[in-house]
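Visitor: I am new to this structure and would like to learn how to read it. Could you walk me through some of its features, one at a time?

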Amino acid sequence: MIPVDDEWDKFESYEDYDNFTYNWIKECQRVLKPEGTIWIIGMYHNIFRVGKIMQDIGLWFLNDVIWIKTDALPNLNGRRFTNNHETLIWAVKNKDSKKYTFNYEFLKRINGGKQMKDTDWVFGLCRGQERLRDKNGIKSHPTQKPLKLIQQVILTASNKGHLILDPFMGSGTTAIVATALERNWIGIEKEEKYVKIANKRIEDYIKLKKV
Ligand SMILES: C[S@@+](CC[C@H](N)C(=O)[O-])C[C@H]1O[C@@H](n2cnc3c(N)ncnc32)[C@H](O)[C@@H]1O
């Protein structure tokens, strides 16, 4: 499966992908606190396999949220629809985890007093000033997520001082939003070049906050 043309997103077979996915999700479930939740984002290539594995190991679904991209890249060959969304699965550790964080009242407040009830979230892709680029204008990371999307997740399901784990840190978007919202975070990233990019991004953000 090759959703992104980068080494980290290539697997020999569905079986390989499933083994990898099972192992990391199982570890996340192990360290997940009873009041915590897990969010996994994916596309049609992989999200159904991810969802099956999540249910097989006992994670309990709360919602699936659809990130609708206002500016998805068109499908140019006209052989299928434009894929304009990604799916986030939101789940708790197991079906007995009832005391998870869902900031219902806070979300209502920032939604003009109206219940925030929709599971379709509309945000543009990460573009413009927000998109990290190297000195030649090349994107620093192929799948940098928009800050607003991650912000919505973190505001929904955590409070100040909570600890957030992102095992696929990439360019550090989760760390930036977590820092801004006064959450603690742990990020894991296997590619040295992305670790450097994320570290610099975080340092720059902290410096900016101090001025
Ligand atoms: C979808 S990207 C994350 C993008 C990130 N949310 C952002 O906004 O920049 C997934 C990242 O996971 C990393 N990755 C892939 N396999 C990994 C592994 N086994 N351990 C740690 N990181 C891994 C990739 O190098 C890639 O940067």
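Visitor: Let me begin with Asn46. Is Asn46 buried or exposed?

Guide: A residue counts as buried when its relative accessible area is under 20%. Asn46 has 15% relative accessibility, so it is buried. Please keep in mind that this is a predicted model.

Visitor: Where along the chain should I look for Asn46?

Guide: Look in the loop that links β1 to α2 (47-56). From there, the side chain of Asn46 reaches the backbone nitrogen of Met43 at 2.8 Å.

Visitor: Since that loop follows β1, how many residues of β1 are buried?

Guide: Four of the five are buried, so β1 is largely enclosed by the rest of the structure. You will find β1 at residues 38-42.

Visitor: And how do I read the way strands pair? Which direction do β1 and β3 run relative to each other, parallel or antiparallel?

Guide: Reading a pair takes two steps: look at the direction, then look for residues that stand opposite each other. Strands β1 and β3 run antiparallel and are joined by five bridges. Two places to look are Ile40, which stands opposite Ile89 in β3, and Gly42, which stands opposite Thr87 in β3.

Visitor: How many residues of β3 are buried?

Guide: Strand β3 covers residues 85-92, and seven of its eight residues are buried. Strand β3 also pairs with β2 (residues 60-69), in the antiparallel sense, over eight bridges. Along that pairing, Val65 stands opposite Leu88, and Trp67 has Glu86 as its bridge partner.

Visitor: Which way do β2 and β4 run, parallel or antiparallel?

Guide: Those two run parallel, with four bridges joining β2 to β4 (residues 120-123). To find the place on screen, look for Lys69, which stands opposite Phe123 in β4.

Visitor: Now a helix, please. Is Thr21 buried or exposed?

Guide: Thr21 has 0% relative accessibility, so it counts as buried. Its place is in helix α1, which spans residues 14-31. For a sense of distance, compare Thr21 with Leu88 of the strand we just visited: they are 67 residues apart along the chain, and their C-alpha atoms are separated by 15 Å.

Visitor: What about Asp204: where does it sit?

Guide: Asp204 belongs to helix α6, residues 192-210. With 33% relative accessibility, Asp204 counts as partly exposed, because that class runs between the 20% and 50% cut-offs. The side chain of Asp204 makes a polar contact with the side chain of Lys200 at 2.7 Å. From Asp204 to Trp24 there are 180 residues in sequence and 30 Å in space, C-alpha to C-alpha.

Visitor: I would also like to read a backbone angle. What is unusual to look for at Glu182 in terms of phi?

Guide: Glu182 has a positive phi of about 60°, although it is not a glycine. You can find Glu182 in the loop between α5 (173-180) and β6 (184-187).

Visitor: Let us turn to cysteines. How many disulfides are there?

Guide: To look for a disulfide, check whether two cysteine sulfur atoms lie within 2.5 Å. Here the count comes to zero. As for how covered the cysteines are, Cys28 is buried, with a relative accessible area of 12%, and Cys126 is buried as well, at 5%.

Visitor: Finally, the ligand. Which residues come nearest to it?

Guide: There are 16 residues around the ligand, and those that come nearest are His141, Lys145, Ser171, Thr173 and Glu189. The shell divides into six nonpolar, six polar and four charged residues.

Visitor: Which atoms should I look at first?

Guide: Try the polar ones. A polar side-chain atom of His141 lies 2.8 Å from an oxygen atom of the ligand, and one of Ser171 lies 2.6 Å from an oxygen atom of the ligand. On the backbone side, a polar atom of Lys190 is 3.1 Å from a nitrogen atom of the ligand.

Visitor: How much of the ligand's accessible area does the protein cover?

Guide: On its own, the ligand has 610 Å² of accessible area, and the protein covers 86% of that.

Methods:
Residues are numbered from 1 along each chain as its sequence is written. This is a predicted model: local features need pLDDT of at least 70, side-chain atom pairs count only at pLDDT 80 or more; totals for chains, interfaces and linings use all residues. Side-chain values use heavy atoms; hydrogens and water are left out. Buried means under 20% relative accessible area, exposed over 50%, partly exposed in between (1.4 Å probe, protein chains only). Two strands pair if DSSP finds at least two bridges between them. A residue is near a molecule or strand if one of its heavy atoms lies within 4 Å of it. A polar contact is a pair of N or O atoms within 3.5 Å; within protein, one must be able to donate a hydrogen and the other to accept it, and residues adjacent in sequence count only if both atoms are side-chain atoms. Accessible areas come from the Shrake-Rupley method with a 1.4 Å probe; for residues, only the protein chains shown count as cover. Ala, Val, Leu, Ile, Met, Phe, Trp, Tyr, Cys and Pro count as nonpolar, Asp, Glu, Lys and Arg as charged, and the others, Gly among them, as polar.
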